[in-house]
Amino acid sequence: MTRRLLPLLALLAGCATEADVAPSRETLRPGDPFPHALWTDVLRRHSRDGLVDYPALAADRAGLDAYLGWLARHSPASDPDLFPRREDRLAWLINAYNACTVRGVVDRWPIASVRDAGPTGTEFWTLTSWPLGGRPRTLRQLEDEIRTFGDPRIHFAINCASLGCPRLPDEAFEPDRLESQLEREARAFVADGRNVRVEGDALVLSKIFQWYRREFEEFQEARGGAPDLADYVRSLGAAVPAGAELEFGGYDWGINLWKRGEERR
């Protein structure tokens, strides 16, 4: 590390903040389901077709804050007995990422893009921490932990509040349905022409496939397929011509705002 970087790192560290979240006063016992239904209620009240009505949510945030309060009270790290299965832990992490992202936008509203929060989104993803299970965690740390589960379909489930992201589902991810929900989101992402399309002799894919290409190829190989992206998207229902050349499209970092009265196509 050069000496020139040290002042910059010190400056960034001084800019770090922790989101204001009050932990729930209630507690869960082993065997109690985590109240992900609170997050589902928030999504169904304030989102549609993957977009979020941030102004309305900012004026009606009690449900969101209540859910974040539960995330602050219990996590797989703080209370492993509450999350005995892999599905319990992964569902919690995905929902925590999405809920913190939405609250992060609400706290900064109005913004045109999360990348406006510090250089290329640094303040949003790496300098703001969230008290999760009593332990401060940033969105970047959450994403890194989610990726350790070795299932790249999470990239179709976590949402970065941008139009280039997968569409935000209108329900929480639930442990008992997690496998079917992840597969549903993967197929929905591939079926969207913004993310997978054929243009002439080229198969044009979302940047997400480029950024996490190795994860998708290893996942497909582990399932018995060929370790390549074309084979993976074909397995999810995409019509991929034989011999199509891979290309990757741009990425829309505009905020995923739902303007009531406007339908997304």
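**A tour of two pockets and three helix pairs**

The lining of the largest pocket comprises eleven nonpolar, two polar and three charged residues. The structure on screen is a predicted model, and this pocket is the starting point of the tour.

**Stop 1: the largest pocket**

Select Glu143, Cys160, Trp211, Tyr212 and Trp253, which lie nearest the centre of the largest pocket among the 16 residues that line it. The space inside amounts to about 290 Å³. Next, colour helices α7 and α9 (207-211), each of which supplies at least two residues of this lining.

**Stop 2: the second largest pocket**

Proceed to the second largest pocket, which holds about 240 Å³ of space. Fourteen residues need not be picked one by one: of the 14 that line this pocket, Asp32, Pro33, Phe34, Asp88 and Pro175 are the closest to its centre. By class, the lining consists of seven nonpolar, two polar and five charged residues.

**Stop 3: α5 against α7**

Two packed helices are described by the angle between their axes and the distance between the axes. Select residues 86-108 for helix α5 and residues 139-147 for helix α7; the two pack at an angle of about 155°, and their axes are 10 Å apart. Because of this angle, α5 is roughly antiparallel to α7. The crossing of α5 past α7 is left-handed.

To display the contact, show the side chains of Leu90, Leu93, Ile94, Ala96, Tyr97, Cys100 and Thr101 on α5, which meet Leu139, Leu142, Glu143, Glu145 and Ile146 on α7. Sorted by class, this contact has nine nonpolar, one polar and two charged residues. Glu143 is thus a residue to keep selected from the earlier stop: it belongs to the α7 side of this contact and is also among those nearest the centre of the largest pocket.

**Stop 4: α4 against α5**

Keep α5 displayed and add helix α4, residues 62-73; the axes of α4 and α5 come within 10 Å and cross at roughly 135°. This angle makes α4 oblique to α5. Here too the crossing is left-handed, as α4 passes α5.

On α4, select Leu64, Asp65, Tyr67, Leu68 and Leu71; on α5, select Trp92, Asn95, Ala96, Ala99, Cys100, Val102 and Arg103, with which they make the contact. The classes are nine nonpolar, one polar and two charged residues. Ala96 and Cys100 of α5 merit a label, since both take part in the contact with α4 and in the contact with α7.

**Stop 5: α2 against α4**

Now add helix α2, residues 37-46, which packs on α4 at an angle of about 155° with the axes 9 Å apart. The angle therefore makes α2 roughly antiparallel to α4. The crossing of these helices is left-handed.

Leu38, Trp39 and Val42 of α2 make the contact with Gly63, Leu64, Ala66, Tyr67 and Trp70 of α4. Seven of these residues are nonpolar and one is polar, with no charged residue in the contact. Leu64 and Tyr67 of α4 appear in this contact and in the contact with α5.

**Stop 6: two backbone details**

Finally, turn to the backbone. Select Trp109 and Pro110: the peptide bond from Trp109 to Pro110 is cis, with omega near 5°. Pro110 is located in the loop between α5 and α6 (122-125).

The last selection is Asp49, in the loop between β2 (47-48) and β3 (51-52). Although Asp49 is not a glycine, its phi is positive, at about 55°.

Methods. Residues numbered from 1 in each chain as written. Predicted model: local features only at pLDDT ≥ 70, side-chain atom pairs only at ≥ 80, totals over all residues. Heavy atoms only, no water. Axes fitted to C-alpha atoms, helices over the stretch in contact; angles between N-to-C directions. Helix = DSSP H or I, 4+ residues; strand = E, 2+ residues; numbered from the N terminus. Parallel < 35°, antiparallel > 145°, perpendicular 65-115°, else oblique. Left-handed = near helix turned anticlockwise from the far one by under 90°. Contact = heavy atoms within 4.5 Å. Nonpolar A, V, L, I, M, F, W, Y, C, P; charged D, E, K, R; others polar. 1 Å grid on protein atoms, 1.4 Å probe; cavity = no way out; pocket = protein on both sides within 12 Å on 5 of 7 lines; lining within 4 Å. Points joined across faces, edges and corners; volume = space filled by probe spheres on them.
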